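Subject: The structure we talked about

Dear colleague,

I am handing over the structure here, and below it you will find what came out of going through it. Please keep it open beside you while you read.

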Amino acid sequence: MNGMKRISVIVPVYNVEKYLPGCLDSIMCQSVKPYEVICVNDGSTDGSSMILEEYAQRYPSIKVIEQENGGLSAARNTGIKTATGDYLLFVDSDDELDDDALEVLEQCVDKSTYEIVFFENSMIYEEGMDVNESKNEYYRVKYDYSEMHNGRELFCKKVINADYVESAWLMLIDREWLVLNNFTFCQGALYEDSVFSLQCYFRAQNVIHIKNRLYKYRIRRNSIMTQEHTYRHFFYRLWQVRECLNMIYKEANNDKEIEALSRYTLQCTDSARAVYGRLTDDDKVKVPEIDGIEGLIAEIAHISKSDLDIKEQENHLELIGLAEELKRWNRLIIYGAGIVGKKTYSWIKNNGLENKFIGFAVSDSLNHEMNIRYIGDYSVDDDCVILIAARESYHEIMIKNAKRFGFNNFFRIHFGLEQEIDKALEII
């Protein structure tokens, strides 16, 4: 391999005898050969097993794993556990790679250390199907993101530019990084790529998006994009919304991230609404009302703004007398940089305490924005107080963590936002 990064190609296989030879040929006939191809036969009942056996005999780099049917996520997870390459590339067994896909990707990761390389795709339409320009446009990225970003920054830029597309097969992923973060696909879920991609974006520190169309996505008559929708489809659209709400609450560190996540959550809600409109009357009886969810998401996005009129917030705050109490301290640190932390900062400004605020603290030591620092990086003195600004279930562990670094003065911040989030999750 001459020092080149090794790419493991993971191919989940289930009843695709019609398309499997084309898929495997596109991988094995690359201008740069794959380090290994892991084909996970997920309980196929057609001729897929025989095709895999034939290709494994012809190509020593193809490894075939047989397992009982567990779905796409289960097959991908098996591939992740089995792979030994430096990077992982997911290829669905009815799709194909462009001729020089592996060469382009290897050259990209050999130039710099990326946790994820995002790329683009073209479409293959099944014979007899009309070309659908709206589907073509769905995956088309309009802007240039070729400079290296951290994942959060790239996610926000793409969402704001209406360029965000979630798909595991449009990502080359550092295997050790993925395993270290314990990211897997949710077994049994539909739209499983959405949550997986979101997790990857928000954890990765070095990512890049290249404009090359390296993947050929096949539109089939019975694919998720073309088939009839059932209650199960609606259920997993709401699952997407639920996971997005959790990301807003647990992961968002600033207003830009909250805005981008809120926009994406509303897009997922729109998708759920579209699926709902195609359900049978019997299925519609089973599902919750989503209008309330949509309103709550809009409110969550709105109340995160630092220039919010504080009078609207005071109905949600249990901070009676706290403003006077905080005036006797010279240094205020807000421990928590998410929605609650940002609301607390708005409250501090509106009560004339901004000159005492020295920054946000968080529990991880990764690089953050200018006024967000690791809790252990702040100096400790008797004039400093920590405002615990997060979900109440996290308060005890945050206080315990701050005490490790010598902090002893704390106030817990309580907002009605937690109840709003919980209400949305209960509806879902």
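The largest cavity has a volume of about 100 Å³, and it comes from a search of the whole structure that finds 2 cavities of 30 Å³ or more. Please bear in mind throughout that this is a predicted model. Of the 15 residues that line the largest cavity, the ones closest to its centre are Phe 119, Lys 158, Val 165, Leu 170 and His 209. Strand β6 and helix α8 each supply at least two residues of that lining, and it is β6 that gives the most, with 3 residues. As for the idea behind such a search, rolling a probe the size of a water molecule over the atoms shows where empty space is left.

Lys 158, one of the residues just named, also belongs to helix α6, where Gly 151, Arg 152, Leu 154, Phe 155, Cys 156, Lys 158 and Val 159 are buried. Because 7 of the 10 residues of α6 (residues 151-160) are buried, this helix is largely enclosed by the rest of the structure. What covers its buried residues includes β6 (116-125), α8 (192-203), β8 (207-219) and α10 (255-277). At the N-terminal end, α6 is capped by Asn 150, which has a side-chain oxygen 3.1 Å from the backbone nitrogen of Arg 152.

Phe 155 of α6 deserves a second look, since Phe 155, Leu 178, Phe 196 and Leu 198 are the residues with the most contacts inside the largest nonpolar core, which has 44 residues. If we leave out residues up to four places away in sequence, Phe 155 touches Tyr 164, Leu 198, Tyr 201, Phe 202, Ala 260, Leu 261 and Tyr 264. There is also a second, separate core of 43 residues, which includes Cys 23, Leu 97, Trp 169 and Leu 170. As general background, nonpolar side chains tend to be buried together in soluble globular proteins.

Next, please turn to strand β4 (residues 87-90), in which Tyr 87 and Leu 89 point one way while Leu 88 and Phe 90 point the other way, all of them being buried. In a regular strand the side chains alternate between the two faces of the sheet. Which strands does β4 pair with? Strand β1 (residues 7-13) runs parallel to β4 and is joined to it by 4 bridges, with Ile 10 standing opposite Phe 90. Strand β7 (residues 171-174), in contrast, runs antiparallel to β4 and is joined to it by 3 bridges, and here Leu 88 stands opposite Ile 173.

Finally, two loop residues have a positive phi although neither is a glycine. Asn 15, with a phi of about 50 degrees, lies in the loop between β1 and α1 (20-28), and its relative accessible area of 26% makes it partly exposed. Ala 162, with a phi of about 55 degrees, comes just after α6 in the loop between α6 and β7, and at 58% relative accessibility Ala 162 counts as exposed.

With best wishes

Technical notes
Residues numbered from 1 in each chain as written. Predicted model: local features only at pLDDT ≥ 70, side-chain atom pairs only at ≥ 80, totals over all residues. Heavy atoms only, no water. Core = buried A, V, L, I, M, F, W, Y, C linked by side-chain atoms within 4.5 Å. Buried < 20%, exposed > 50% of the residue type's maximum accessible area, 1.4 Å probe, protein only. Contact = heavy atoms within 4.5 Å. Pairing = 2+ DSSP bridges. Polar contact = N/O pair within 3.5 Å; in protein donor to acceptor, adjacent residues only side chain to side chain. 1 Å grid on protein atoms, 1.4 Å probe; cavity = no way out; pocket = protein on both sides within 12 Å on 5 of 7 lines; lining within 4 Å. Points joined across faces, edges and corners; volume = space filled by probe spheres on them.
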